[in-house]
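Student: I'd like a close look at one part of this model, the enclosed space inside it. Could you walk me through that, and then through the helix packing beside it in your notes?

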Amino acid sequence: ERERERGRAMAMRACNACFSSPRFSVPQCAYPSRISSHRCFISWSRICCSSHFYVGSSELAQRLGEAEQHKEQCAAASRLKQELGNAVLIWRAIKFPIYSVALVPLSVGAAVAFWQSRVFHSGRYLLFLLSGVLIITWLNLSNDAYDSQTGVDKDKKESVVNLTGSYEGVLYAAYTCLLFGMTGIVMGGFQANRIKVVALLAAAIACGYAYQGPPFRLGYKGLGEPLCFLAFGPLATTAFYFSQASRRDIYHLPVTGTILAASILVGMTTSLILFCSHFHQIEGDKLVGKISPLVRLGTQQGADIVKGAVIGIYSLLAAFSAVKILPISCSLFSLLTLPVGGLLIEFVNKNHANKEKIFLAKYYSVRLHVAFGAALVFGFLTASRMPS
């Protein structure tokens with residue numbers, strides 16, 4: 001009888017080592033391929049625990065050792081999953097792909113300037129690139145900080161405020177980046193001897209603040225995309241175009257239809273990134289009264305707009321090339337990016353109602369933004385080597 005009681009106690013310990021309920025449940029396991037053996041073992045444990053059969057204590061000890069070993073394996077797998085989860089959250093919080101919105105307007109503006117004047121100031125380009133990265137960092141950090149006040153990011157695990165637990169710290173870091181970014185912009189503007197550069201980029205930054213900052217919060221009223229188009233398109237791209245001027249070649253860089261057309265295309269691809277970022281946030285936006293375009297339209301109409309926007313971007317580029325506002329080489333290089341645009345349309349049409357997968361839509365739009373911007377840059381560089 002004592003041996004039987006000992007066996008029952010060891011079986012209970014074995015059950016508890018692997019299973020949340022010793023008799024009736026099998027929890028999620030890190031090793032699904034071994035579930036069948038687990039079920040055999042839990043059946044064996046029930047038999048032993050019910051005292052209908054006697055099982056030797058040596059066999060129970062062996063089973064208990066296996067259970068303890070598996071428990072350690074599950075714990076290790078759980079720790080690895082948590083570490084990977086934290087790494088993904090940090091990656092999402094950094095939003096590294098989004099920094100392309102600093103690179104593309106600068107590169108396109110500089111490429112247009114080179115096509116028209118055959119002048120390129122590499123040092124100034126790098127200065128504005130660094131300043132642009134700092135400005136985008138301010139935009140991302142301050143957006144997380146201000147959104148934490150309204151509650152729209154309450155369940156957003158990758159929010160920097162949620163990760164750090166410090167609203168004030170995030171806001172302080174954001175405006176430190178803004179200060180250094182504006183310093184670089186002012187320095188670059190004086191090097192180009194163009195106050196227009198500073199004025200246009202200051203206006204673009206003002207659009208960024210009006211989008212998210214109090215008391216405006218125009219993004220909550222559905223005006224985020226127009227502000228994004230204006231800031232990164234006509235304002236920033238044109239400013240970076242002017243930044244490549246100097247005293248001796250200032251008259252070579254007037255405002256032309258070419259730079260305006262290029263800035264419109266850049267603004268459209270940038271706004272598409274913001275539009276696609278709303279798909280997975282509809283429910284959270286509704287709760288706090290944020291009326292994004294997708295809250296008004298729904299995901300199906302949103303998917304139709306994405307398709308129309310992509311088609312419109314390529315159609316507009318073809319029209320600009322046809323009337324010789326843009327060089328034909330820009331259209332030729334853009335043909336290489338058609339599969340990227342097709343992937344974005346296909347992904348959004350297929351997954352617009354899937355809350356888990358549609359999160360990736362903004363990364364598909366970032367790919368299109370980068371590919372299309374690169375096509376414009378290579379198009380202008382190629383055209384600069386052709387006879388007029």
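Tutor: What follows goes through the cavity, then a helix pair, then two backbone oddities. Keep in mind that this is a predicted model.

Let's start with the empty space. Rolling a probe the size of a water molecule over the atoms shows where empty space is left. Here the count is three cavities of 30 Å³ or more. The largest cavity has a volume of about 800 Å³. Its lining is made up of 43 residues, and the ones closest to the centre are I98, V101, L139, N140 and F232. Which elements give two or more residues to that lining? They are α4 (100–117), α5 (122–150), α8 (195–212), α9 (224–242) and α10 (257–276). The largest share comes from α5, with 10 residues. As for chemistry, the lining of the largest cavity splits into 24 nonpolar, 12 polar and seven charged residues.

One of those lining helices, α10, also takes part in a helix pair worth a look: α10 packs with α13 (residues 299–322). Two packed helices are described by the angle between their axes and the distance between the axes. For α10 and α13 the angle is about 165° and the axes are 11 Å apart. Angles over 145 degrees count as roughly antiparallel, so that is what α10 and α13 are to each other. Their crossing is left-handed. On the α10 side the contact is made by A261, I264, L265, M268, T269, L272, F275 and C276. From α13 come G302, I305, V306, A309, V310, G312, I313, L316, L317 and F320. By class, the residues of this contact are 15 nonpolar and three polar, with no charged ones.

To zoom in on a single residue there, take A309, which sits in helix α13. Leaving out residues up to four places away in sequence, A309 touches M268 and L272. A309 and S271 are 38 residues apart along the chain, and their C-alpha atoms are separated by 9.9 Å.

Now for the backbone. Most residues other than glycine have a negative phi, and most peptide bonds are trans. Two spots in the loops depart from that. R118, in the loop between α4 and α5, has a positive phi of about 60° although it is not a glycine. The other spot is the peptide bond that joins P214 and P215, which is cis, with omega about 0°. P215 lies in the loop between α8 and α9.

How values were computed. Residues are numbered from 1 along each chain as its sequence is written. This is a predicted model: local features need pLDDT of at least 70, side-chain atom pairs count only at pLDDT 80 or more; totals for chains, interfaces and linings use all residues. Side-chain values use heavy atoms; hydrogens and water are left out. On a 1 Å grid over the protein atoms alone, a cavity is a set of points where a 1.4 Å probe fits but cannot get out, and a pocket is an open set with protein on both sides within 12 Å along at least five of seven lines; lining residues have an atom within 4 Å of a point. Grid points are joined across faces, edges and corners, and a volume is the space filled by probe spheres set on the points. Helices (H or I, at least four residues) and strands (E, at least two) are DSSP runs, numbered from the N terminus. Ala, Val, Leu, Ile, Met, Phe, Trp, Tyr, Cys and Pro count as nonpolar, Asp, Glu, Lys and Arg as charged, and the others, Gly among them, as polar. Axes are lines fitted to C-alpha atoms, for helices over the stretch in contact, and angles run from 0 to 180 degrees between N-to-C directions. Angles under 35 degrees count as roughly parallel, over 145 as roughly antiparallel, 65 to 115 as roughly perpendicular and the rest as oblique. A crossing is left-handed if the near helix is turned anticlockwise from the far one by less than a right angle, and right-handed if clockwise. Contact means heavy atoms within 4.5 Å.
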